[in-house]
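Me: I am new to this structure and would like to learn how to read its features one at a time. Could we begin with how open a single residue is to its surroundings?

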Amino acid sequence: MQLFVEQLTNVDFSYLDAKRGLVGETWWASAVLDGALDEQGMVCDFGIVKKTLRNWLDDELDHRLLVPVQSPALTLKHSGDIIELSWQYDNGDLLEMRAPRQAVALVDAEQIDANSVAHWCREQLRSHFPVNVEQLTLSFAAENIDGAFYHYSHGLKKHNGNCQRIAHGHRSRIQIWLDDERSSTLEQQWAERWADIYLGSTEDLISSDNNQLLFRYSAQQGEFELSLPASRNYMMETDTTVEFIARHLADTIKQQHPDSQVRVRAFEGVNKGAIAEA
């Protein structure tokens, strides 16, 4: 007998890719459980399935940087509860990060994709369900977006929750109107401009040397540091909350179209975001 739960929850995170670099991503998580019926006539109570999977994914995957520990591009060092890593891109670019252990997920794989992460999660979750559950099949899929979207990573040092982690991200839709008319051209332009981008705040920028940017800040969870190529970064004068992102987009587009009324809906992952007008 099989029990299924589709789109149980969504996870927002970033991951390291040899070609794309630091990639912000959002996936829906779905599950299938195989097993015998218990004395209640169930494979497993839906409440247990939802609570167990959602809590584990929230704790171990969501708002983390996913690191493929088998990749030859990775150099990794543990120092107590601190992770230090170096990532060499295919083109020679370099990313380095120092952060608390809870800010990363060390995935036992050579590359990060939906299948490798699902396999790693299943291995971690084996002991979390009743004995009559013989097999857990976990799958991830990106939101089906009809239109423009971008992948961005960031960190919010003032956030009391896990958004303070310096390299987590989202796959997000963008919608732009000029004088109440939707502009697919502008949407696509920003999607291309922010493809696999890191959104950095000027107050967190410590140095810029040889086109390499260094960000550093202290937050509730500890000390965070990230170095990456300037070509893979977009600077903002404010923090990089979705509210500030929407306002920045609206103001920037307004400068280019001063005679038009601008409206922006900037998403942060799935079905949430902010609206700004200029």
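Reply: Asn271 is exposed, because its relative accessible area is 58%, where exposed means over 50%, buried under 20% and partly exposed in between, with a 1.4 Å probe and protein chains only. Please keep in mind that this is a predicted model, in which local features need pLDDT of at least 70 and side-chain atom pairs count only at pLDDT 80 or more, while totals for chains, interfaces and linings use all residues. Residues are numbered from 1 along each chain as its sequence is written, and side-chain values use heavy atoms, with hydrogens and water left out.

Me: Where is Asn271 placed, and what is noted about its phi?

Reply: To place a residue we refer to helices (H or I, at least four residues) and strands (E, at least two), which are DSSP runs numbered from the N terminus. Asn271 belongs to the loop between strand 17 (262-267) and strand 18 (273-277), and its phi is near 60°, a positive value in a residue other than glycine.

His63 also has a phi near 60°, and that value too is positive in a residue other than glycine. This residue is found in the loop between helix 1 and strand 3 (65-68), and it counts as buried because its relative accessibility is 12%.

Me: How should I read the surroundings of one residue, and which residues does Thr9 touch, apart from those up to four places away in sequence?

Reply: The idea is to list its contacts, where contact means heavy atoms within 4.5 Å. Thr9, which has its place in strand 1, touches Trp27, Trp28, Ala29, Arg54 and Leu57 when residues up to four places away in sequence are not counted. Thr9 counts as buried because its relative accessibility is 11%.

Leu66 can be read in the same manner. Once its neighbours within four places in sequence are set aside, Leu66 is in contact with Phe13, Ser14, Tyr15, Leu16, Leu61, Ala105, Val107, Ile112 and Val117.

Me: How many residues does the largest nonpolar core have, and which of them have the most contacts inside it?

Reply: A nonpolar core is a set of buried Ala, Val, Leu, Ile, Met, Phe, Trp, Tyr and Cys residues joined through side-chain atoms within 4.5 Å. The largest one here has 28 residues, and those with the most contacts inside it are Leu57, Leu61, Leu66, Val117, Cys121 and Phe140. At least two residues of this core come from each of strand 1 (2-17), strand 2 (21-35), helix 1 (46-60), strand 7 (104-107), helix 2 (114-125) and strand 8 (133-142). Another core, of 26 residues, lies apart from it, and its members include Leu16, Leu22, Leu85 and Ile166.

Me: How many aromatic pairs are there, and how are the rings of Trp190 and Trp194 arranged?

Reply: Rings of Phe, Tyr and Trp (its six-membered ring) pair if their centres lie within 6.5 Å, with planes under 30 degrees apart counting as stacked, over 60 as edge-to-face and the rest as tilted. By this rule there are eleven aromatic pairs. In one of them, Trp190 and Trp194 meet edge-to-face, at 5.4 Å centre to centre and with 80° between the planes. Trp190 is buried, with a relative accessible area of 2%, and Trp194 is buried as well, at 0%.

Tyr198 and Phe215 offer another case, with ring centres 5.5 Å apart and planes at 50°, so this pair is tilted. Because Tyr198 lies in strand 12 (residues 197-201) and Phe215 in strand 14 (residues 212-219), the pair ties together parts that are 17 residues apart in sequence. Tyr198 is buried, with a relative accessible area of 3%, and Phe215 counts as buried at 1% relative accessibility.

Me: Which residues do ring pairs link into a cluster?

Reply: The cluster is made up of Tyr150, Tyr152, Trp190, Trp194 and Tyr234, linked by ring pairs.

Me: Over which ring does the charged end of Arg171 sit?

Reply: A charge sits over a ring if NZ of Lys or CZ of Arg is within 6 Å of the ring centre and within 35 degrees of the ring normal. The charged end of Arg171 sits over the ring of Phe149, at 4.1 Å from the centre of that ring. Arg182, in turn, lies over the face of Trp177, 5.5 Å from the ring centre.
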